[in-house]
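Let's take a walk through this one together, pockets and helix packing included. Have the model open and follow along.

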Amino acid sequence: MEISMEGRASDSPYIDMIWRGQAGKDYAVICPAASRWHLLFHKQDGRVKVSAEGPITRARPTTQPEGAEFLVIEFKLGIFLPKLPVDGLVDTETVLPLSSKASFWLHGSTWQLPDYDNAEIFVARLVRQGLMECDPVVSAALQEQPQELSERTVRRRFQRATGLTPTTIQQIERAQYAMTLLGQGHSLLDATYQAGYADQPHMTRSLKHYIGYTPAQIASNGKVE
């Protein structure tokens, strides 16, 4: 199981992380749940695939053929494409049509494939052309701030922009935090307490569902690939 991968944070108010990598021989892993959607640019044997992939609500196995190259632009919560709402992408993907090996169609226009270094420029163009937006309802809801909107409206806008409920996002991110603690060498008891689980069986169920591994497996491996 081999992969060469690197990631970086972004100073864009729209991007959470940018990743790139290349799969080696026999690459097969458990992909953990993720609360954010992303754009995926995939290349393999001269073929290109561009897709918008939604949040993942439970861990699932994934494979990549040897030599596959990919670029991932992961967006902050509340960022979305109005013509491609995130609530229609949960646990699935939408493949975007290509116009050439170096460009694809999005909302009636052709776009050059971005790369690891110019992802921010690509996203800034989407924003300038009104194809990408930020819904402030999401940030306010996650911070439990009062809003001058009905609960129904908040719920509808939150799910349109994120695909998930605040509770599901909190559960996924708590599992990710517990995984980080265990990978750093914290004891099972300490990780249970710091991540806010009721008890160790509660943490075990959560990590198996969202991460795909038990706390003991994560602790013994040091990290999850």
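Strand 6 is the biggest contributor to the lining of the largest pocket, handing over five residues. Keep in mind as you look that this is a predicted model. The pocket itself takes up about 1,300 Å³, and 36 residues line it. If you want to find its centre, look for Met 5, Trp 19, Cys 31, Pro 32 and Glu 74, which lie nearest to that point. Plenty of strands chip in: strand 1 (3-9), strand 2 (15-23), strand 3 (27-31), strand 4 (38-44), strand 5 (47-53), strand 6 (60-64) and strand 7 (69-75) each give two or more residues to the lining, and helix 4 does too. As for chemistry, the lining is a mix of 18 nonpolar, eight polar and 10 charged residues.

Now for the runner-up. The second largest pocket has a volume of about 270 Å³, and 16 residues line it. Head for Arg 20, Gly 21, Glu 69, Phe 70 and Leu 71 here, since these sit closest to the centre of that pocket. Which strands supply at least two residues each to the lining of the second largest pocket? They are strand 1, strand 2, strand 4 and strand 7. Sorted by class, this lining comes out as seven nonpolar, four polar and five charged residues.

Those were pockets; what about cavities? The structure has one cavity of 30 Å³ or more, and the largest cavity holds about 40 Å³ of space. Its lining draws on several stretches of the chain: Ser 35, Arg 36 and Trp 37, then Phe 75 through to Ile 79 by way of Lys 76, Leu 77 and Gly 78, plus Val 86, Ala 161 and Thr 162. Six of the lining residues of this cavity are nonpolar, three are polar and two are charged.

Next, the helices. Helix 4 (residues 166-183) packs with helix 6 (residues 200-210) at about 105°, their axes 9 Å apart. That angle is why the two helices count as roughly perpendicular to each other. On the helix 4 side, the contact is made by Gln 171, Ile 172, Arg 174, Ala 175, Ala 178, Met 179 and Leu 182, while helix 6 answers with His 202, Met 203, Ser 206, Leu 207 and Tyr 210. Eight of these contact residues are nonpolar, three are polar and one is charged.

Helix 4 also meets helix 5 (residues 188-195): the two axes come within 9 Å and cross at roughly 150°. The crossing of helix 4 and helix 5 is right-handed. From helix 4 the contact uses Arg 174, Tyr 177, Ala 178, Leu 181 and Leu 182, and from helix 5 it uses Leu 188, Ala 191, Gln 194 and Ala 195. Here the split is seven nonpolar, one polar and one charged. Look back at both contact lists and you'll find Arg 174, Ala 178 and Leu 182 of helix 4 in each.

Conventions: Residues numbered from 1 in each chain as written. Predicted model: local features only at pLDDT ≥ 70, side-chain atom pairs only at ≥ 80, totals over all residues. Heavy atoms only, no water. 1 Å grid on protein atoms, 1.4 Å probe; cavity = no way out; pocket = protein on both sides within 12 Å on 5 of 7 lines; lining within 4 Å. Points joined across faces, edges and corners; volume = space filled by probe spheres on them. Nonpolar A, V, L, I, M, F, W, Y, C, P; charged D, E, K, R; others polar. Axes fitted to C-alpha atoms, helices over the stretch in contact; angles between N-to-C directions. Helix = DSSP H or I, 4+ residues; strand = E, 2+ residues; numbered from the N terminus. Parallel < 35°, antiparallel > 145°, perpendicular 65-115°, else oblique. Contact = heavy atoms within 4.5 Å. Left-handed = near helix turned anticlockwise from the far one by under 90°.
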